[in-house]
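The following paragraphs lead the reader through a protein structure step by step. Please keep the sequence and the structure in view while reading.

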Amino acid sequence: MDFNPAELMKNISNMKSQMKDVQEKLKNIKATGSSGGGLVKIEMNGEMVIEKITLDPIAVDPRDIDMLQDLIIAAINNAQANAKDKIQQEIGSAANLDLPFDFGGLK
């Protein structure tokens, strides 16, 4: 097999272009997670950036802050799992990529 530097550079250029496309698509993917039967809702994008948190006033009990904290964590974890699924569906299959990263340990 012959090594062709020009072909290698062309492939690297194509990969850079594909990665830019993927990064742009990640910004546009939206996922929602919830917990407590909808008491806490989290919206995030495909870059795993939280864009919105919605709390039902019932969830805000100053006597039970621990419960609210647990609900927020559960909603974030649910949103991350949903975002990961959307990324694999929308980007993984569209770009025919096997994503090597695990989004913070999610399986």
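Two strands are said to pair if DSSP finds at least two bridges between them. With that definition in hand, consider strand 2 (residues 40-45) and strand 3, which run antiparallel and are joined by 5 bridges. One position in this pairing is Lys-41, which stands opposite Thr-54 in strand 3. The model in which these strands appear is a predicted one.

The wider plan of the chain may now be described. The secondary structure of the protein chain comprises 2 helices and 3 strands, and from the N terminus on these elements follow the order α-β-β-β-α. The protein chain has 107 residues, of which 21% count as buried. Its exposed surface is about 7,500 Å², with 53% supplied by carbon and sulfur atoms. Among contacts in the protein chain with a separation of 6 or more, 50% involve residues 24 or more positions apart.

How are the strands arranged? They form an open sheet of 3 strands in the order 1-2-3, with antiparallel pairing. Strand 1 (30-35) and strand 3 (50-55) are the edge strands, each pairing on one side only. From one strand to the next, the twist averages 15°. Helix 2 (residues 65-92) packs on this sheet and touches strand 1, strand 2 and strand 3. The direction of helix 2 makes about 145° with that of strand 1.

Strand 1 deserves a closer look. Its pairing with strand 2 is antiparallel and extends over 6 bridges; within these two strands, Gly-33 stands opposite Ile-42. In a regular strand, side chains alternate between the two faces of the sheet. Strand 1 has a covered face made up of Ala-31, Gly-33 and Ser-35, while Lys-30, Thr-32 and Ser-34 belong to the uncovered face. The hairpin of strand 1 and strand 2 has 4 residues between the strands, and in this hairpin Gly-36 takes a positive phi near 65°.

A positive phi also occurs in the loop between strand 2 and strand 3, where Met-48 is placed. Most residues other than glycine have a negative phi. Met-48, however, is a residue other than glycine with a positive phi, near 65°.

Glu-47 is found in the loop between strand 2 and strand 3 as well. Is this residue buried, exposed or partly exposed? Glu-47 counts as partly exposed because its relative accessibility is 39%, and the partly exposed class lies between the limits of 20% and 50%. Apart from neighbours within four places in sequence, Glu-47 is in contact with Gln-23, Leu-26 and Lys-27. Glu-47 and Ile-87 are 40 residues apart in sequence, yet their C-alpha atoms are 9.4 Å apart in space.

The backbone nitrogen of Glu-47 is reached by the side chain of Asn-45 at 2.8 Å. Asn-45 itself lies in strand 2, and it counts as buried because its relative accessibility is 6%. When neighbours within four places in sequence are set aside, the contacts of Asn-45 are Leu-26, Lys-27, Ile-29, Lys-30, Glu-51 and Ala-83.

The helices remain to be examined. Which residue caps the N-terminal end of helix 1? The cap is Asn-4, with a side-chain oxygen 3.0 Å from the backbone nitrogen of Ala-6. Helix 1 (residues 5-28) has 24 residues, so at 1.5 Å a residue it should span 34 Å; its end C-alpha atoms are 35 Å apart, which agrees. The expected span uses one less than the number of residues. The same reasoning applies to helix 2, whose 28 residues should span 40 Å, and the distance of 39 Å between its end C-alpha atoms agrees.

An α-helix has 3.6 residues a turn, so residues three or four places apart point the same way. The buried residues of helix 2 include Leu-68, Leu-71, Ala-75, Ala-79, Ala-83, Ile-87 and Ile-91. Against which elements do the buried residues of helix 2 pack? They pack against helix 1, strand 1, strand 2 and strand 3.

Helix 2 also contains Asp-70. This residue counts as exposed because its relative accessible area is 53%, and exposed means over 50%. Asp-70 and Gly-36 are 34 residues apart along the chain, and their C-alpha atoms are separated by 9.5 Å.

Terms used. Residues are numbered from 1 along each chain as its sequence is written. This is a predicted model: local features need pLDDT of at least 70, side-chain atom pairs count only at pLDDT 80 or more; totals for chains, interfaces and linings use all residues. Side-chain values use heavy atoms; hydrogens and water are left out. Buried means under 20% relative accessible area, exposed over 50%, partly exposed in between (1.4 Å probe, protein chains only). Contact means heavy atoms within 4.5 Å. Accessible areas come from the Shrake-Rupley method with a 1.4 Å probe; for residues, only the protein chains shown count as cover. Axes are lines fitted to C-alpha atoms, for helices over the stretch in contact, and angles run from 0 to 180 degrees between N-to-C directions. A polar contact is a pair of N or O atoms within 3.5 Å; within protein, one must be able to donate a hydrogen and the other to accept it, and residues adjacent in sequence count only if both atoms are side-chain atoms.
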